Amino acid sequence: MSAALQLDDVRLAYEGADGLHTVVEGFSLSLDAGRIGCLLGPSGCGKTTVLRAIAGFEPLRAGRIRLGERLLSSATVHLPPEERRVGMMFQEYALFPHLTAAQNVGFGLRRLPQPEQRARVAEMLALVGLAESGGRYPHELSGGQQQRIALARALAPSPALLLLDEPFSNLDAATRERLTVEVREILKAAGQTAVLVTHNEAEAQAMADHIGLMHNGRLTRWTA
Amino acid sequence: MKPVGPVWRAASILIALGVLAPVLSLAWLAFGADLSHWTHLARHVLPQAALNTALLLAGVGVLVLLVGTGCAWLVTVCDFPGRRVLHWALLLPLAMPTYIVAFAYLDLLHPIGPVQGAIRWALGFDSPRQFRLPDLRSMPGAILVLGFVLYPYVYMTARAMFMTQPAHLMEAARTLGENAAGAFFRIALPLARPALAVGLSLALLETLNDIGASEFLGIQTLTVAVYTTWITRSDLAGAAQIACAMLVVVVALVLLERHGRRHQRFGSAQRMRAIEPRRLHGAAAWLACIAATLPVAIGFVAPALYLLWETAKRLRLGGGISDGLLASLGNTLALAAGVTLTTVAAGLVVAWAVRSQGSTTNRARWQARAATLGYALPGTVLAIGLLTPALGLDSLLAGLLRREGLPLMSAGIVLVVACAIRFLAMPVGGIEAGLARIPPALEQASRLLGESAAGTLRRVHLPLLRPAIAAGALLVFVDAMKELPATLLLRPANFDTLATWLYAEAARGTYEEGAIAALAIVAAGLLPVMLLARNGLGAHVEELPN
């Protein structure tokens, strides 16, 4: 089930050769269950780092990240990515090249019994409109189709939160416009809490319920 | 991302320590033991063996540089009949182990053998007493034999370098008044110097590793001295002392190689229009063709044809294949399979642990360096170094199992470990390169879909690494089949591989089934050369350790 996301006073930094570099500081936001939030800002503003911290790829230097009732990260707590129930759609899709579209979608369903896995994969493929393409390999799919498989794969295990990292940046303008509407409809139908990261304002307007403007590692505005 | 689990890291550190164990044990043996041996060895064995080794290394070094660089340049800047075939055929001698080429030429060039007989017939002599070529069993003979099978190491690195050198640099030199030769010596050669250093050090490490060719040709090198000091005089401390002297040479060669690799990056940084070969005509074209064919003919075609001919003769005479030879073939395959499994598994652990710790951290780099050090250790040095720890473990185990004898040694486990140490660099290099090509997002996607680190390795990385693992396994398998010096010293009693079978026959001077054993080894050795030729000349160079 989708859950509410809460970030309190988060600080993120990376270790360089000459000490610690702070990338994000004093970052707080809250997003109700079922809502779509968007972090909008130029490249290098720290929005992708925030996303990676929610996914569990970056340790927190300070602050807290909560999802529903669960504490995901703090300066002392770090739940491993596979235990967070957070799904992610990557900028380059990150489809496994050695698996078919259906096997990609089913990758995170190993704990379900076989028949349920098959049913869920079929359901997700139908949801993204690619019911016929399950047997194809990623390189046999168009960019837009790969993107939809990546979405189906991220949604299949019913994550409590879905993260989307510049999900439309590799598509041509026409496909992008069509898919933003489609993806929003799919997320809304599923009641999915989601956080989107982009530098494209039109995309943010079309997709999100709330838009946060980011600048130099800080949230400068959060609109309802 | 959470760092690698403690089990992986411990396994990786253990492997690195295992590789270092023989070196440490050598130092302890050589300096901790009875130093009175030093005087005997210092007076009677070391000076001559060291001088021979130095001469051999110097001679082979000059020859491989001349032949390897010359052929690489010829194939890069000139177009002549046969160039397309020679481009990869020049690699063929890599399939020919040094002890086999020496074995073949000893018979081919024997005073009453086919070559000298033909020359006498042509000149009208009828007795070896009237005419004979200088004896192959000499320092020049050994240099020629080793040089013509080891030049591909230089050819390979030089060719890869020349292929990526931008043409406009050469053209600039020409407009500044240099002729073609001047441009080569002032531009192309200095730019290729780091690559040549890498190829040269690899060829010289092979020279140092060689035991069969120098022994057959009667050159008492340090390697041969280690072997005889231990086998015939049972003097382990003495053998360890000579092995330590060899380690000094090894360290120098590895430093040369590392130096070359550090500077190689600048050379290939700019990717510009490559040098276009110029079409040669008439006599020049044929001269170029002959010049580039000669090394292949000497280093591969002639000995291979000899082995084929001898094998055919033997089989036609109804001799068949003896049970002993068949048993050696089975032993060889079993040994190679065991070594391949061990080495690939260890390589996977090291490469994965290093990647997960972040390959830029000092500790990870140190581990990878230590684990892949073995390629530089000559087989005899490695074997002598392993003997003490292995014998210690064996007596411990025998005590625990309440059994007589040497359980690890007699099961061949020590031999498998020695080969695995020597060949670990190949799969580690290949798997590291393969891992680097897998985008980190795939790993992150898998973790977010609920898969653990180990599960991600199994379900995502292993399937994607299959080509890299297969290539590494093939290289290790073939090298284990060919391995002679460590096998001679560490094999269980009455255990013969094709290589030791051949060695025994050549040492006895009986040329019975040696050719069949040699032919099997060369045929297997052709597989990685084909892989190398198909993947382009640069690929193998990158797979070697950094």
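This report walks through a predicted model of chains A and B, starting with chain B as a whole.

**Chain B overall**

Chain B is mostly a helix story: 25 helices and two strands. Its C-alpha atoms fit a box of roughly 75 × 60 × 50 Å along the principal axes. A compact globule of 546 residues would have a radius of gyration near 24 Å, and chain B comes out at 25 Å, so the two agree. Buried residues account for 47% of the 546 residues in chain B. Looking at contacts in chain B with a separation of 6 or more, 83% are between residues 24 or more positions apart.

**A helix with a bend**

Now for α21(B), which covers residues 453-482. Its 30 residues would reach 44 Å as a straight helix at 1.5 Å a residue, yet the end C-alpha atoms are only 37 Å apart. Where does α21(B) bend? The bend, about 55°, is at R466(B), and a proline, P467(B), follows within four residues.

Here are three helices of chain B that come up in this report:

| Helix of chain B | Residues | Note |
|---|---|---|
| α7 | 139-164 | gives 16 residues to the largest nonpolar core |
| α13 | 282-316 | holds A312(B) |
| α21 | 453-482 | bends by about 55° at R466(B) |

**The cores**

The largest nonpolar core has 165 residues, and within it A418(B) and L502(B) touch the most other members. Helix α7 of chain B is the top contributor to this core, with 16 residues. There is also a second, separate core of 71 residues, with Y93(A), V105(A), M124(A) and L163(A) among its members.

So what does A418(B) touch, leaving aside residues up to four places away in sequence? The list is L382(B), A383(B), L386(B), A486(B) and L490(B). As for the spacing in part of that list, residues three or four places apart in an α-helix point the same way, because there are 3.6 residues a turn.

**An exposed alanine**

A312(B) sits in helix α13 of chain B. Is A312(B) buried or exposed? It counts as exposed, because it has 12 C-beta neighbours inside 10 Å, and 12 or fewer is the cut-off for that class. Along the chain, A312(B) and I516(B) are 204 residues apart, but their C-alpha atoms are separated by 8.9 Å.

**Where the chains meet**

The contact between the chains draws 17 residues from chain A and 17 residues from chain B. On the side of chain A that touches chain B, strand β6 (residues 86-89) gives the most, with three residues. That side of chain A is made up of twelve nonpolar, three polar and two charged residues.

Definitions and conventions. Residues are numbered from 1 along each chain as its sequence is written. Chains are lettered from A and ligands numbered from 1 in the order in which they are written. This is a predicted model: local features need pLDDT of at least 70, side-chain atom pairs count only at pLDDT 80 or more; totals for chains, interfaces and linings use all residues. The expected span of a helix is 1.5 Å times one less than its number of residues. The bend at a residue is the angle between axes fitted to the seven residues ending there and the seven starting there. A nonpolar core is a set of buried Ala, Val, Leu, Ile, Met, Phe, Trp, Tyr and Cys residues joined through C-beta atoms within 7 Å. A residue is buried if 20 or more other C-beta atoms lie within 10 Å of its own, exposed if 12 or fewer, and partly exposed in between; C-beta atoms are placed from the backbone. Two residues are in contact if their C-beta atoms, placed from the backbone, lie within 7 Å. Ala, Val, Leu, Ile, Met, Phe, Trp, Tyr, Cys and Pro count as nonpolar, Asp, Glu, Lys and Arg as charged, and the others, Gly among them, as polar. The radius of gyration is taken over C-alpha atoms; the globule rule is 2.2 Å times the number of residues to the power 0.38.
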